[in-house]
Amino acid sequence: MDARIFLDEFRPFRRGEIALARRLADEPGFLPARELALLRHALRLAQLSSLGGEPDELVDRVGSLRPKLLQLLAPVLPTEPAQIDAARLVARLPKVVMLVADTRRRLFEAGLTSETALDAELSHKRLVLVLGGAAGSGYIFLGALTALERLGIRPAYLIGCSVGSLLGVIRARTHEFALPELLADVQRIRERGVFRLPSMPRYGLPGALRLDLRSALGELFQRDGRPLRLDELAIPMDALATGLGPGALSEPRESYARMVDLEVRSAAALEKVPAATLARLVGPLVSLAMSRQVLVPVLLGGDPATRRLAALDAAGFSAAIPGVLAYDLASDDYDGARVLDEVFERHKLVGLVDGALASLVPARYAWEAVEAGRIGSRHCAVLALDAVAKARGANAPLIPLLRVAAATADRDKAFWDLHVNFERAPPFLSLFPNDASLRRSAAQGEREFEDTARVLPPLLAPVPPWKELSPEAIAHVDDRFR
């Protein structure tokens, strides 16, 4: 679907459904159950672009519903939840029901879907989770993952960049989530997966340290004696990396290995880097981030070919901070080399690095992947987690870099439905913190996620089949609202 069509025709109904969910979180009984279900059914039908077949197959078929429904609901369903008036909203339901019934009839007569299939699609709204690029600050996302599991909400699709990709791949390995297991995985990386850089990487940029996720987590990401691929994860997961096109590097590749190498000789040393050293690193990163014309977003997992890449390698390249962390394929990974060689040839790349340079919060890439059929359904809510939107404390030296990267967040924000801007995130270079620090980050993240955690259950709640709601009985405003 063209993004302009989404923003103009679909987005208003997603915002309306979110406003309704926020009001329900504050006042669960403000609408009778049947009237609420009919309204949600209408809002969800208006957002439907496909039923899992060809992309956009329903855009035109539902097209006549959207402007009429928007004309009916816009005056009575404001985006500010407290301003929603139940009586005025219910008064519009008879016409809403007629519009929905007519649209459903036309879909069935055209043979585009069955009643059962349509009701099943509208009943279940899936959660797409975007883990933004935040380096070590991203560990605060652990609180959101913990809260989602407590609520019984499991993402249908994850997309991440930087440490967000690392957390996403670990989360996507199994359907269940247990915080202690993820903490143990990060500790394994701290103890077994970070080394001094011995040689120039083939596909990445050099850095003070080499990240080797296979040494740390390889035994957990195995299938039939080989590395687990992206297309074999329990939950679909993609990792955004940044490809460096010709002219992207203003300095020789080898110079990136020397930027902070004197101060950074181990994973633990990253947490003690002086502000002056961090500031010295920011300059080259800003230069890279400003080279928009020669930066190529590479969504590893976004197409069948890159889904054959080892999941850990996809996360490793996405988290490879220029000058700090280098990542590369194992020398005997011929399958992975074939995948990346094709990507490098197609885009004329000279390196693959941290995805945050392409997008701090890759919500648009998540929306595009869903619309392209990545998870089989287009009926979803996009939840974006952002840990560096407000740099403070140890992250203050990053402000120049964040100002440049903010342009990507401005581009992406139209494509997320919910956005959590964590304010008390850990330091940027706390890439491999100890267990106590991780637990503090998780606890703080869960506290800051509380407001969103209240909204998600009513937003994602299932809707009964249309006929079970007896829509033909909605002929006038309920007496309780007179």
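In the predicted model, the cavity search returned a count of 4 cavities of 30 Å³ or more. The second largest cavity encloses about 90 Å³ of space. Its lining is formed by I170, R171, R173, T174, E176, F177, A178, E181, L182 and D185. Two helices, α8 (163–172) and α9 (179–192), each contribute at least two residues to this lining, and the largest share, 3 residues, is supplied by α9. In terms of residue class, the lining of the second largest cavity comprises 4 nonpolar, 1 polar and 5 charged residues.

Helix α8, one of the two helices named above as contributors to this cavity, is mostly covered, with 10 of its 10 residues buried. The buried residues of α8 are V163, G164, S165, L166, L167, G168, V169, I170, R171 and A172. Of these, I170 and R171 also belong to the lining of the second largest cavity. The loop between β2 (157–160) and α8 contains S162. This serine has a positive phi of about 60°, although it is not a glycine. S162 counts as buried because its relative accessibility is 1%, the limit for that class being under 20%.

Residue V169 of α8, listed among the buried positions of that helix, is also in contact with A311. A311 itself lies in helix α13, which spans residues 311–318. Because its relative accessibility is 0%, A311 counts as buried. Apart from neighbours within four places in sequence, the contacts of A311 comprise V169, F221, L228, R229, L230 and L233. A separation of 8.7 Å was computed between the C-alpha atoms of A311 and M237, which are 74 residues apart along the chain.

The largest pocket has a volume of about 330 Å³. Its lining consists of 16 residues, and those nearest the pocket centre are I18, R22, D417, L418 and H419. Two or more lining residues are given by each of the elements α1 (3–26), β12 (418–421) and α18 (450–460). Helix α1 accounts for the largest share of this lining, with 5 residues. The lining of the largest pocket divides by class into 6 nonpolar, 4 polar and 6 charged residues.

Beyond α18, which contributes to the lining of the largest pocket, the segment that follows this helix contains S470. S470 is not a glycine, yet has a positive phi of about 50°. With a relative accessibility of 26%, S470 counts as partly exposed, since this class lies between the 20% and 50% limits.

The nonpolar interior was examined next. The largest nonpolar core contains 114 residues, and L142, L385 and F449 have the most contacts inside it. When neighbours within four places in sequence are left aside, L385 is in contact with L129, V130, L131, G132, F141, A144, V361, V420, F422 and F449. A second core, separate from the largest, has 38 residues, including A19, L31, A42 and L89.

Helix α5 (residues 93–109) holds D102. D102 is partly exposed because its relative accessible area is 32%, a value between the 20% and 50% limits. The C-alpha atoms of D102 and L65 are separated by 8.8 Å, and the two residues are 37 residues apart along the chain.

For the protein chain as a whole, the secondary structure amounts to 18 helices and 12 strands. The chain has 482 residues, of which 58% are buried. Among contacts with a separation of 6 or more, 83% are accounted for by residues 24 or more positions apart.

The mean pLDDT of the protein chain is 86, and 84% of its residues reach 70 or more. Residues 475–482 have a pLDDT below 50, and this stretch has 15 contacts in the model beyond near neighbours in sequence.

Terms used: Residues are numbered from 1 along each chain as its sequence is written. This is a predicted model: local features need pLDDT of at least 70, side-chain atom pairs count only at pLDDT 80 or more; totals for chains, interfaces and linings use all residues. Side-chain values use heavy atoms; hydrogens and water are left out. On a 1 Å grid over the protein atoms alone, a cavity is a set of points where a 1.4 Å probe fits but cannot get out, and a pocket is an open set with protein on both sides within 12 Å along at least five of seven lines; lining residues have an atom within 4 Å of a point. Grid points are joined across faces, edges and corners, and a volume is the space filled by probe spheres set on the points. Helices (H or I, at least four residues) and strands (E, at least two) are DSSP runs, numbered from the N terminus. Ala, Val, Leu, Ile, Met, Phe, Trp, Tyr, Cys and Pro count as nonpolar, Asp, Glu, Lys and Arg as charged, and the others, Gly among them, as polar. A nonpolar core is a set of buried Ala, Val, Leu, Ile, Met, Phe, Trp, Tyr and Cys residues joined through side-chain atoms within 4.5 Å. Buried means under 20% relative accessible area, exposed over 50%, partly exposed in between (1.4 Å probe, protein chains only). Contact means heavy atoms within 4.5 Å. pLDDT is the predictor's confidence in each residue, from 0 to 100.
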